[in-house]
Amino acid sequence: MMEPLRKIVGNAFYDRFGESPQFFVRAPGRVNLIGEHTDYNDGFVLPIAIDREIWIALRPRKDRRVLLTSMDYKELAEFTFNDLRHGSGWTEYVKGIAWILQKHEYRLNGWEGILGSNVPVGGGLSSSAALEMALSRAFYVVSDWRWDGKIMAQLAREADHQWVGIKSGIMDQLISAEGRVGHALLIDCRTLALESVPLPDTTRVVILDTATRRGLVDSIYNQRVAECKQAADFFGVQALRDVRMEQIESRPHALPEDVYRRARHVVTENARTLQAANALRRGDVVQFGKLMDASHVSLREDYQVSSGELDLMVSIARERKGCYGARMTGAGFGGCVVALVEKDEVEPFVENVSIEYYKESRLKPKVYITEAVKGASVE
Ligand code: GLA
């Protein structure tokens with residue numbers, strides 16, 4: 001059994017500072033069950049916060065400095081609030097959060113601490129959103145303002161856009177901030193309304209990491225964002241959320257083929273996500289699984305963000321007993337597949353999928369059987 005992260009970062013803090021930390025904060029990674037590439041189109045998503053987390057053990061400082069050591073990276077995050085400079089690597093997220101909070105006139109106090117993580121990096125499980133939400137909690141716990149998950153998620157996205165340079169949507173930060181135990185969260189990315197949808201306890205959410213990572217993901221991602229905007233402009237709406245299926249079907253040749261396909265994915269995916277949330281509420285896991293499968297096909301054919309390995313993993317998973325549905329999850333191009341699997345079949349499922357995937361790709365997959373956990377907190 002792995003030692004809990006709380007204990008690991010607590011011990012590391014003690015070794016470094018010679019006393020116990022005053023606070024622990026944590027925030028989870030996420031996996032999206034359905035609703036992919038819909039968030040920046042003002043659409044719907046259905047993610048869960050997963051039991052892979054970032055923890056920070058910390059104590060306040062009397063000055064306006066932050067000193068944060070990561071257990072995984074050599075580089076230290078070290079800065080004062082009135083001297084924030086761009087650099088590179090994980091420390092940009094720390095500066096980005098400090099920068100955006102200051103920009104919105106949150107009064108910041110200094111702190112120092114140790115950070116530990118078991119969220120896989122670069123696999124589409126939102127280690128960076130978990131980092132941002134853990135940091136927001138850290139700044140909050142040494143200060144005297146109120147923590148509001150929705151506001152913090154929006155600020156973190158703004159930091160992503162303006163400090164880090166990634167045009168991400170709101171899903172990752174919002175689920176990391178607001179996750180609910182045992183539930184998926186249906187998020188309306190326009191109004192930010194949240195609705196908890198219980199996960200049936202006869203099933204398990206299984207994450208299958210293809211062990212592939214692609215370069216240039218950020219630029220392809222930003223390109224998709226631009227294509228969606230082009231389609232929304234064409235239909236004369238604020239976002240693709242406002243386009244109806246009939247509109248898409250009646251104008252197949254009015255847009256460049258690629259842009260048309262992007263729009264069709266977003267419009268159909270929004271519909272699938274709402275249907276999937278309904279199916280889950282009824283406990284209809286068979287229907288839910290079918291919608292996951294259809295989502296994958298649409299991401300592969302229309303949105304074109306899948307990869308050979310993701311497709312292989314999905315098809316191997318789909319052939320196994322007890323698997324209701326499987327699809328790529330997150331931005332795509334590499335990373336993870338998510339599958340919904342009958343609880344009693346999980347063990348053979350994991351074993352068989354791992355063997356088969358290795359046989360076909362010569363890559364060793366990582367597998368996480370995950371639970372839905374609560375969002376960012378002070379512990
Ligand atoms: C990344 C982004 C999210 C979302 C997904 C695709 O994870 O950070 O905002 O757009 O890709 O659904």
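Q: Which residues are around the ligand?
A: In this predicted model, the residues around the ligand are Arg-30, Glu-36, His-37, Asp-39, Tyr-40, Ser-168, Gly-169, Met-171, Asp-172, Tyr-221, Gly-330 and Ala-331.

Q: How should the polar contacts of the ligand be read, and what lies 2.9 Å from an oxygen atom of the ligand on the backbone of Gly-169?
A: A polar contact is a pair of N or O atoms within 3.5 Å. A backbone N or O atom of Gly-169 is 2.9 Å from a ligand oxygen atom. Side chains take part as well: an N or O atom in the side chain of Arg-30 is 2.9 Å from an oxygen atom of the ligand, and for the side chain of Asp-39 the distance is 2.5 Å.

Q: How is a pair of packed helices described?
A: The description gives the angle between the two axes and the distance between them. Here, the axes of helix α10 (residues 308-319) and helix α11 (residues 346-361) come within 10 Å and cross at roughly 140°. Helices α10 and α11 are therefore oblique to each other, and their crossing is right-handed.

Q: Which residues of α10 and α11 meet?
A: Glu-309, Leu-312, Met-313, Ile-316 and Ala-317 of α10 meet Phe-349, Val-353, Glu-356, Tyr-357, Glu-360 and Ser-361 of α11. By class, this contact has 7 nonpolar, 1 polar and 3 charged residues.

Q: At what angle do the axes of α3 and α4 cross?
A: The axes of α3 (residues 127-141) and α4 (residues 149-164) cross at roughly 120° and come within 10 Å. The crossing is right-handed. Glu-132, Met-133 and Ser-136 of α3 make the contact with Met-152, Ala-153, Ala-156 and Asp-160 of α4.

How values were computed: Residues numbered from 1 in each chain as written. Predicted model: local features only at pLDDT ≥ 70, side-chain atom pairs only at ≥ 80, totals over all residues. Heavy atoms only, no water. Axes fitted to C-alpha atoms, helices over the stretch in contact; angles between N-to-C directions. Helix = DSSP H or I, 4+ residues; strand = E, 2+ residues; numbered from the N terminus. Parallel < 35°, antiparallel > 145°, perpendicular 65-115°, else oblique. Left-handed = near helix turned anticlockwise from the far one by under 90°. Contact = heavy atoms within 4.5 Å. Nonpolar A, V, L, I, M, F, W, Y, C, P; charged D, E, K, R; others polar. Near = heavy atom within 4 Å. Polar contact = N/O pair within 3.5 Å; in protein donor to acceptor, adjacent residues only side chain to side chain.
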